[in-house]
Each structure stands twice: as C-alpha cells, then as structure tokens.
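Biologist: Before I plan anything at the bench, I would like to go through this model with you, one question at a time. Could you show it to me first?

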Amino acid sequence: MSLTIGEVGPDFSLLDTEGRKWSMAEYDGAPATVVVFTCNHCPYALAWHDRLVQVARDYAARGVRVLAVNANDADRYPRDSFEAMKERVAKEDWPMPYLHDATQEVAREYGAKVTPDVFVLDAEGRLRYRGAPDSDYGNPGERAEWLREALDAVLSGSILQRPETRPVGCSIKWKA
Amino acid sequence: MNVELLWWEGCPSTDGALTAVREALTDVGLDGVEVHMREIKDDGEAAETGFVGSPTILIDGVDLVPAAADEPIGLSCRVYRRRDGRVSPIPDPDDLREALRAAAERAEVKR
C-alpha cells in the first residue's frame with residue numbers, strides 16, 4: 001500500500017529525539033508539510049541530508065514544516081536506534097525534528113520505500129509530491145530542486161509539473 | 001588480478017559501482033580485467049564474507065577501501081567518502097584508480 005497523489009496523509013503520533021510528540025494534526029493551518037523518511041546509515045540519505053536541512057531553513061519563514069522520520073529496524077541496524085538518532089541530533093544542527101517510527105506503521109501507511117523518500121502534503125494534508133529531493137544525490141548544486149519546486153507550487157496554489165519522481169536510496173529496513 | 005564486486009539487492013548503487021570500476025580499469029590500462037559479481041543474499045553470507053555493505057570491491061581479495069574495525073557486518077548500503085569529503089555510495093574514482101594501480105604493481109613485483 002502506498003499513499004497516492006491527492007490522498008490525505010495518515011495522521012500519526014511519533015516522538016522526536018527530544019521526547020516531544022508530533023502529529024500531522026498539529027499542523028492544521030500550515031501551508032505545507034514535508035515528511036521525509038530518512039536514516040543514519042544510508043549513504044543516499046546522508047548525501048542529501050544537508051540539502052533537506054537547507055530546505056527546512058529556507059521555507060520555515062513561509063510556514064513549511066519538515067519532519068524527518070526514521071523507521072529502520074534498529075535491532076538489525078543499531079546505527080538507526082533511537083539512541084543513535086539522539087546522538088546525531090545532539091552533534092549536528094537540525095532545524096527539523098527527527099522522529100522515531102519504532103513500529104514502522106507510519107512508513108507502511110505512507111508507503112515509504114527507501115531513504116530518503118520525500119512526501120509533500122498541502123494545507124489539507126493531501127499528498128502533492130512524492131519522490132526524491134532532486135535528480136542527483138551526488139550533486140549538492142541540485143539543492144533539492146524537485147522538493148523546492150513542489151513546495152513553491154503548493155505555496156502559490158499552482159499545479160505541480162512533477163508530482164512524482166522515483167525515490168532513490170537504501171531500502172527501508174523492515175522488521176522480520 | 002582478481003577484481004570482485006560484492007553487492008546486495010537492497011542497495012541501488014551496484015550498476016554505478018560496476019561502471020565506476022570498469023572505467024577505472026580502463027583508465028589504468030587494465031581493460032582486459034574482468035569484474036566478478038558476487039551477490040550477498042543474507043546475513044549468513046554477509047557474516048561469512050565479512051561484508052560491511054554494498055558495494056564492496058575486492059582487489060585480489062583485499063577491500064579497496066578497508067573498513068573501520070567497528071564497521072558492522074551486515075546487509076546495508078556502504079558509506080564512502082569522496083576525496084572532497086562528500087558522502088557517496090560509491091568509492092571516489094581516484095581511490096579506485098590508485099588501488100588498481102597498486103595491485104597491478106604488486107602483481108608485477110611477484111612475477
């Protein structure tokens with residue numbers, strides 16, 4: 001199952017690394033929310049991370065919320081444990097909360113496949129974009145342009161030219 | 001020279017890695033060397049081979065970029081660093097060429 005363009009994204013309640021609970025409902029009235037499934041150990045997620053951070057910073061003043069979610073099975077991948085997530089956020093400067101999807105239910109409901117997998121939801125919580133941040137993990141100059149295009153379209157109320165792209169990254173590590 | 005590319009299906013970098021290795025072989029004049037592909041299918045095979053992530057490139061049995069001692073063994077995508085510091089799922093082309101040249105020199109010395 002995977003969330004399709006135009007569908008309302010499922011609500012959730014997840015803890016971030018500071019122990020704060022987050023839900024989609026909290027963003028009632030926000031013009032756009034980005035939910036990005038990511039992790040600590042994947043080279044694709046790491047390569048795109050700074051670009052996603054910059055998007056979070058650049059669009060914060062326009063009310064856009066970015067939520068990073070780690071759903072990987074921490075038993076098999078200890079680098080993605082809640083403790084490891086906390087350590088990473090403590091070391092780095094994150095402008096967005098890093099949420100722990102310990103049961104993997106949120107990732108399953110959204111149909112996330114890889115890290116990173118980006119979902120952009122509008123003010124009504126409807127999915128407007130799903131895919132990769134941009135066309136090339138190896139080129140920081142791409143600046144997460146596909147994500148920025150999606151956000152600009154949502155914020156301006158215009159039609160997205162590219163509502164879906166193929167997410168590229170490491171498979172989400174599902175529990176057995 | 002034996003070049004082996006160990007890969008796991010959960011990681012999308014296999015094709016890119018194979019291309020990079022072939023290009024590096026050509027760059028250093030070793031076009032005739034075949035790259036042997038070896039799929040790592042489960043945790044058991046990962047443990048058996050000391051697999052620390054996909055892709056892992058072995059040149060005459062030696063890891064092109066030796067993994068840190070605390071690198072966990074298992075099915076994952078491997079994190080490499082480009083020479084400019086960027087994270088990458090594939091080794092830096094210069095590292096590939098350097099390792100291949102060194103292996104070729106070792107092989108020459110043995111003759």
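Biologist: In which loop of chain A is C42(A) found?
Modeller: Bear in mind throughout that this is a predicted model. Following chain A along its elements, C42(A) comes in the stretch that joins a strand to a helix, namely the loop between β3 (32-37) and α1 (43-60).

Biologist: Is C42(A) buried or exposed?
Modeller: A residue counts as buried when 20 or more other C-beta atoms lie within 10 Å of its own. Around C42(A) there are 31 other C-beta atoms within 10 Å, and C42(A) is therefore buried.

Biologist: Which residue of chain B does C42(A) touch?
Modeller: Leaving aside residues up to four places away in sequence, C42(A) touches T115(A), G169(A) and C170(A) within chain A. The remaining partner on the list belongs to chain B, and it is C77(B).

Biologist: Which element gives the most to the side of chain A that touches chain B?
Modeller: The contact takes 13 residues from chain A and 14 residues from chain B. On the side of chain A, both α1 and β9 (170-171) supply at least two residues each. With four residues, the element that gives the most is α1(A).

Biologist: Where is the cis peptide bond that leads into P116(A), and what is its omega?
Modeller: P116(A) lies in the loop between β6 (114-115) and β7 (117-122) of chain A. Most peptide bonds are trans. The bond from T115(A) to P116(A), however, is cis, with omega near 0°.

Biologist: Is D60(B), which has a positive phi, buried or exposed?
Modeller: Phi of D60(B) is near 50°, although the residue is not a glycine, and D60(B) lies in the loop between β3 and β4 (62-63) of chain B. A residue is exposed if 12 or fewer other C-beta atoms lie within 10 Å of its own. Since D60(B) has 11 such atoms within 10 Å, D60(B) is exposed.

Biologist: How does the radius of gyration of chain B stand against the globule rule, and what is its value?
Modeller: Chain B has three helices and six strands, which from the N terminus on run β-α-β-α-β-β-β-β-α. For 111 residues the globule rule gives 13 Å, and chain B comes close to that, so it is as compact as a globular protein of that length, with a radius of gyration of 14 Å.

Methods. Residues numbered from 1 in each chain as written. Chains lettered and ligands numbered in written order. Predicted model: local features only at pLDDT ≥ 70, side-chain atom pairs only at ≥ 80, totals over all residues. Contact = placed C-beta atoms within 7 Å. Rg over C-alpha atoms; globule rule 2.2 N^0.38 Å.
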